[in-house]
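Trainee: I've got a new model open and I'd like to learn how to read it feature by feature. Can you walk me through it?

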Amino acid sequence: MAIIKLDVVIDTGCPFCYIALKRITKAIETYETRHINDSIIVQWQPLILQPTLSKTPVEIGTYIASIFGPEVRDTKLRNEQALGLSEGIKFDPNRKVGSTYDSHRLIHLAGEKSSATQSSVVRKLFEGHFEDGKAQSSHAFLIDVAVASGIEKSEAVAWLESNAGGPEIEEKNRKATSRGVRSVPYITVAELYPVGSRYDEKSLLSIFERIRMERST
């Protein structure tokens with residue numbers, strides 16, 4: 001039985017991270033169907049790209065214009081839509097964006113439960129934000145995600161109303177930047193194989209199979 005660890009650095013406001021989730025999920029499903037006694041464990045790590053972003057949400061178009069300029073806003077949104085549809089994602093062009101700090105704290109809490117719970121939280125965060133337009137800074141949204149992923153509502157409320165997990169998120173963020181992570185998603189397989197931005201389900205599968213072969217020799 002082979003267990004392969006996948007370490008994925010993300011920010012919950014990054015559309016490419018949602019695409020990464022889709023591709024990773026497909027690759028894992030294919031691999032584990034081929035090798036029913038093997039498993040791949042995913043750990044989701046934080047990199048907050050815009051640490052000064054307010055908890056008060058703004059529309060994505062306004063946000064893009066403020067970062068990249070109004071002249072590229074529509075082009076970026078069109079490109080996002082096209083890329084998303086290729087992965088079965090319909091990005092909400094009017095979604096709200098806000099600070100991602102608390103969403104990362106929730107992901108940390110979920111990771112203390114299990115890898116499966118953490119992946120469920122990440123998936124539901126992405127679906128709710130990118131497709132349903134929910135702001136990642138909304139505690140009501142985060143609590144709904146927690147409960148839907150099997151976390152007790154009272155625990156999620158208490159966690160979010162405090163700063164629990166904050167120091168850990170800040171330390172993980174610092175470690176990511178100190179090892180040169182500047183953009184997300186940043187995927188590392190089995191702590192040895194960094195995956196670049198040009199990846200898809202097939203390239204991930206190839207790495208999984210190579211690790212399996214190396215471990216069997």
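Mentor: Sure, let's begin with pockets. A pocket is an open set of grid points with protein on both sides within 12 Å along at least five of seven lines. Keep in mind that this is a predicted model.

Trainee: Okay, so how much space lies in the largest pocket here?

Mentor: About 870 Å³. Its lining comes from 33 residues, and those nearest its centre are Cys14, Pro15, Phe16, Leu49 and Val184. The elements that supply two or more lining residues are α1, α2 and α3.

Trainee: Which element gives the most to that lining?

Mentor: That's α2, with five residues.

Trainee: And what about cavities?

Mentor: A cavity is a set of points where a 1.4 Å probe fits but cannot get out. This structure holds one of 30 Å³ or more, and the volume of the largest cavity is about 50 Å³. Among the residues lining it are Ile10, Trp44, His104, His108, Gln118 and Lys172. β2 (39-46), α4 (101-113) and α8 (166-178) each put at least two residues into that lining.

Trainee: Let's do a helix next. How do I read α3?

Mentor: Start with the general idea: an α-helix has 3.6 residues a turn, so residues three or four places apart point the same way. Now the case: α3 covers residues 73-86, 14 residues in total, and spans 21 Å from first C-alpha to last, close to the 20 Å expected.

Trainee: Which residues of α3 are buried?

Mentor: Leu77, Glu80 and Gly84. Looking down the axis of α3, its buried residues fall within an arc of 60°, so they line one face of the helix. On the other side, Arg78, Ala82 and Leu85 are exposed. The cover over the buried residues of α3 includes α1 (15-34) and α2 (60-68). Just after α3, Gly88 has a positive phi of about 80°.

Trainee: Glu80 caught my eye in that list. Why does Glu80 count as buried?

Mentor: The cut-off for buried is under 20% relative accessible area. Glu80 counts as buried because its relative accessibility is 11%. Leaving out residues up to four places away in sequence, Glu80 touches Pro15, Phe91 and Arg95.

Trainee: Can you give me another acidic residue to practise on?

Mentor: Try Asp102, which lies in helix α4. With a relative accessible area of 3%, Asp102 is buried too. Beyond four places in sequence, Asp102 touches Lys55, His139, Leu142 and Leu160. Look at Asn163 as well: the C-alpha atoms of Asp102 and Asn163 are separated by 8.6 Å, with their positions 61 residues apart along the chain.

Trainee: Last topic: how do I read a nonpolar core?

Mentor: Think of buried nonpolar residues joined through side-chain atoms within 4.5 Å. In this structure the largest core has 54 residues, and the ones with the most contacts inside it are Leu6, Ile24, Trp44, Val189 and Phe208. The element giving the most to this core is α1, with nine residues.

Trainee: Which residues does Phe208 touch?

Mentor: Not counting residues up to four places away in sequence, Phe208 touches Ile4, Leu6, Ala27, Ile28, Tyr31, Ile40 and Val189. Apart from the largest core lies another one, of five residues, including Ile60, Tyr63, Leu77 and Val97. You've met Leu77 already, as one of the buried residues of α3.

Key. Residues numbered from 1 in each chain as written. Predicted model: local features only at pLDDT ≥ 70, side-chain atom pairs only at ≥ 80, totals over all residues. Heavy atoms only, no water. Helix = DSSP H or I, 4+ residues; strand = E, 2+ residues; numbered from the N terminus. Expected span 1.5 Å × (residues − 1). Buried < 20%, exposed > 50% of the residue type's maximum accessible area, 1.4 Å probe, protein only. Arc of directions from axis to C-beta. Contact = heavy atoms within 4.5 Å. 1 Å grid on protein atoms, 1.4 Å probe; cavity = no way out; pocket = protein on both sides within 12 Å on 5 of 7 lines; lining within 4 Å. Points joined across faces, edges and corners; volume = space filled by probe spheres on them.
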